[in-house]
Structures are given as C-alpha cells and as structure tokens.
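Reader: I should be grateful for a guided reading of the model shown below. May we proceed by question and answer?

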Amino acid sequence: QVYDDLQILKHLQMEFIEGHTRLATGVFETVYSNGERVVVNYTDTPYRISTGEEVPAKGFKLIES
C-alpha cells in the first residue's frame, strides 16, 4: 500500500509547499507550487471536500490542477 501511495505522490517531491491548512478536525490540505493539492483525512469517517469529491477515512486524495 505504501508503494502504491508513493507512486501517486512522487512527482510532488521537488515542488515547494505553498500552504498547509486545516479543513476540519483531523483533515488537512497541502497546496504545492504546481497548483496540485493533497487532502489527508486522519479520521475514521470519509470527508467530502468542496469539489464534492470524497476523501476516504484514514486516506488521502490528490487534486490535480
């Protein structure tokens, strides 16, 4: 699972972090210099972001620009 997650995010390793925001208790968004965002949900329940997409419980979602 860790390998699969790394494959999704590896292109971000050379990008600058432009922002890091708490969206809700246990849910955080990181914005990168290429415009992409990663929303991480540390809670036990899914979280719906403003675009209507769902971030799974204990998971993350890459939002491409």
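Author: We may begin with Asp4, which lies in helix H1. The model is predicted, so to speak of local features a pLDDT of at least 70 is needed and side-chain atom pairs count only at pLDDT 80 or more, while totals for chains, interfaces and linings use all residues. Residues are numbered from 1 along each chain as its sequence is written, and side-chain values use heavy atoms, with hydrogens and water left out.

Reader: Is Asp4 buried, partly exposed or exposed?

Author: Buried means under 20% relative accessible area, exposed means over 50%, and partly exposed lies in between, with a 1.4 Å probe and protein chains only. Asp4 has a relative accessible area of 45%, and therefore the residue is partly exposed.

Reader: How far apart are the C-alpha atoms of Asp4 and Gly19?

Author: Along the chain, Asp4 and Gly19 are 15 residues apart. In space, the separation of their C-alpha atoms is 25 Å.

Reader: Which pattern does the protein chain follow along the sequence?

Author: Helices (H or I, at least four residues) and strands (E, at least two) are DSSP runs, numbered from the N terminus. The protein chain has one helix and six strands. Read along the sequence, the pattern is α-β-β-β-β-β-β.

Reader: What is the radius of gyration of the protein chain, and why does it agree with a compact globule?

Author: The radius of gyration is taken over C-alpha atoms, and the globule rule is 2.2 Å times the number of residues to the power 0.38. For 65 residues, a compact globule would have a value near 11 Å, so the protein chain agrees with its 12 Å.

Reader: What percentage of the residues of the protein chain count as buried?

Author: The C-alpha atoms fill a box of roughly 30 × 25 × 20 Å along the principal axes. Of the 65 residues in the protein chain, the buried share is 23%.

Reader: What share of the exposed area do carbon and sulfur atoms supply?

Author: Accessible areas come from the Shrake-Rupley method with a 1.4 Å probe, and for residues only the protein chains shown count as cover. The protein chain exposes about 4600 Å². The part supplied by carbon and sulfur atoms is 53%.

Reader: Which residues does Ile8 contact, leaving aside its neighbours within four places in sequence?

Author: Ile8 is in helix H1, residues 2-9, and counts as partly exposed at 40% relative accessibility. Its C-alpha atom is 7.9 Å from that of Leu62, although the two are 54 residues apart in sequence. Contact means heavy atoms within 4.5 Å. With those neighbours set aside, the partners of Ile8 are Phe60 and Leu62.

Reader: Which residues form an aromatic pair?

Author: Rings of Phe, Tyr and Trp (its six-membered ring) pair if their centres lie within 6.5 Å; planes under 30 degrees apart count as stacked, over 60 as edge-to-face and the rest as tilted. By this rule there is one aromatic pair. Its centres are 6.0 Å apart and its planes 70 degrees apart, an edge-to-face arrangement of Phe28 and Tyr42.

Reader: Why does this pair tie together separate parts of the sequence?

Author: Phe28 lies in strand E2 (residues 27-32), whereas Tyr42 lies in the loop between strand E3 (37-41) and strand E4 (47-48). The pair therefore ties together parts whose separation in sequence is 14 residues.

Reader: Which residues does Tyr42 touch, not counting those up to four places away in sequence?

Author: Tyr42 counts as exposed at 54% relative accessibility, while Phe28 is partly exposed at 24%. With residues up to four places away not counted, Tyr42 touches Gly26, Phe28 and Lys58.

Reader: What is the phi value of Lys58?

Author: Lys58 is found in the loop between strand E5 (54-55) and strand E6 (59-63). The residue is exposed, with a relative accessible area of 58%. Its phi is positive, in a residue other than glycine, and is near 55 degrees.
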